[in-house]
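Please follow the account below with the sequence and the model in view. It goes from a sheet to the helices around it, and then to a helix pair and a single residue.

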Amino acid sequence: MALVKSPKTLQNRLASRSLPPSYFPDFDSHLGLAPMLLLQGVKKTFVDAAAARLPILDIEHFATAAGEQMVVRGRSGSGKTTLLHVIAGISRADAGKVEIDGVDITRLPEAGRDRFRADKIGYIFQTFNLLPAFSALENVLLGMSFSGGRADRARAIGLLEQVGLKHRMDHSPQKLSVGEQQRVAVARALANRPKLLLADEPTANVDPANQQQIVDLIRQRCEDEKIALVLVTHETEVAEQFDRVETIESFNQVLSNS
């Protein structure tokens with residue numbers, strides 16, 4: 001399976017053009033080009049039962065290139081899901097910049113973040129989050145409707161066909177296996193042709209026999225549509241397939257200082 005070039009390859013490509021980093025207004029020295037996703041000075045806290053503020057994220061810098069595929073690893077409770085929620089605009093950062101495709105989503109109101117997320121970001125939830133009263137096809141079509149555009153039935157059917165579920169598209173989630181439900185969630189996340197796909201432990205609830213199929217499916221769809229991928233996982237066998245693997249402890253100063 002052909003996969004996206006690593007950051008090192010991208011750096012070499014730029015170097016061959018003899019263009020200095022300063023040529024690019026948002027040049028990122030790690031990625032070698034302007035990033036699709038950029039976090040700068042991001043902080044996030046939660047308030048506990050005693051009304052004390054607990055720091056969860058303190059990220060000076062984190063970036064991902066357009067089309068890049070990477071993994072974030074870390075122990076349970078280290079803030080990986082919170083990181084994805086902040087990137088997606090589900091949870092708002094207390095401070096800092098979260099820039100996606102040139103737009104700082106921290107400056108958008110809640111409704112604006114919701115619309116931006118529907119248009120630009122795909123999200124694969126660990127627990128699938130499929131609506132039980134709707135069929136697989138309807139779940140994908142509903143994902144399309146959130147962007148405000150017309151639901152593209154042909155694309156929805158095509159996506160379900162690509163994930164091997166065209167013959168099951170009229171079935172509700174309860175009638176699908178866990179692996180099939182995750183494939184519907186992948187199709188839904190790709191419905192609006194996102195620029196960035198966030199995957200939160202996408203193999204955690206899938207049996208080992210289907211784990212590799214889900215990983216291959218996500219990576220191939222991202223490769224085909226030039227989508228940047230940030231995938232959170234505990235699984236060593238999943239992480240080792242990616243050129244870029246970061247531990248959240250390496251860039252979240254809340255953890256490095258604890």
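Strand S3 (residues 69–73) pairs with S9 in the parallel sense, over four bridges. One residue of the pairing is Met70, whose bridge partner in S9 is Arg244. The model in which these strands appear is predicted.

The two strands belong to an open sheet of five, in the order S6-S7-S8-S3-S9, with parallel pairing. Its edges are strand S6 (121–124) and strand S9 (244–247), each of which pairs on one side only. From one strand to the next, the twist averages 20 degrees.

Helices pack on this sheet. Helix H6 (residues 178–189) touches S6 and strand S7 (196–200), and its direction makes about 170 degrees with that of S6. Helix H7 (residues 208–225) touches S3, S6, S7 and strand S8 (228–232); the direction of H7 makes about 140 degrees with that of S3.

Another packing involves two helices. Helix H4 (residues 136–145) and helix H5 (residues 153–162) have their axes 9 Å apart, at an angle of about 125 degrees. H4 is therefore oblique to H5. The crossing of H4 past H5 is right-handed. On the H4 side the contact is made by Ala136, Leu137, Val140, Leu141 and Met144, and on the H5 side by Arg153, Arg155, Ala156, Ile157 and Leu160. Eight of these contact residues are nonpolar, none is polar and two are charged.

Is Thr82, in helix H2 (residues 80–88), buried or exposed? Its relative accessible area is 14%, and because buried means under 20%, Thr82 is buried. Leaving aside residues up to four places away in sequence, Thr82 touches Lys44, Phe46, Ile56 and Leu57.

Notes
Residues are numbered from 1 along each chain as its sequence is written. This is a predicted model: local features need pLDDT of at least 70, side-chain atom pairs count only at pLDDT 80 or more; totals for chains, interfaces and linings use all residues. Side-chain values use heavy atoms; hydrogens and water are left out. Axes are lines fitted to C-alpha atoms, for helices over the stretch in contact, and angles run from 0 to 180 degrees between N-to-C directions. Angles under 35 degrees count as roughly parallel, over 145 as roughly antiparallel, 65 to 115 as roughly perpendicular and the rest as oblique. A crossing is left-handed if the near helix is turned anticlockwise from the far one by less than a right angle, and right-handed if clockwise. Contact means heavy atoms within 4.5 Å. Ala, Val, Leu, Ile, Met, Phe, Trp, Tyr, Cys and Pro count as nonpolar, Asp, Glu, Lys and Arg as charged, and the others, Gly among them, as polar. Buried means under 20% relative accessible area, exposed over 50%, partly exposed in between (1.4 Å probe, protein chains only). Two strands pair if DSSP finds at least two bridges between them.
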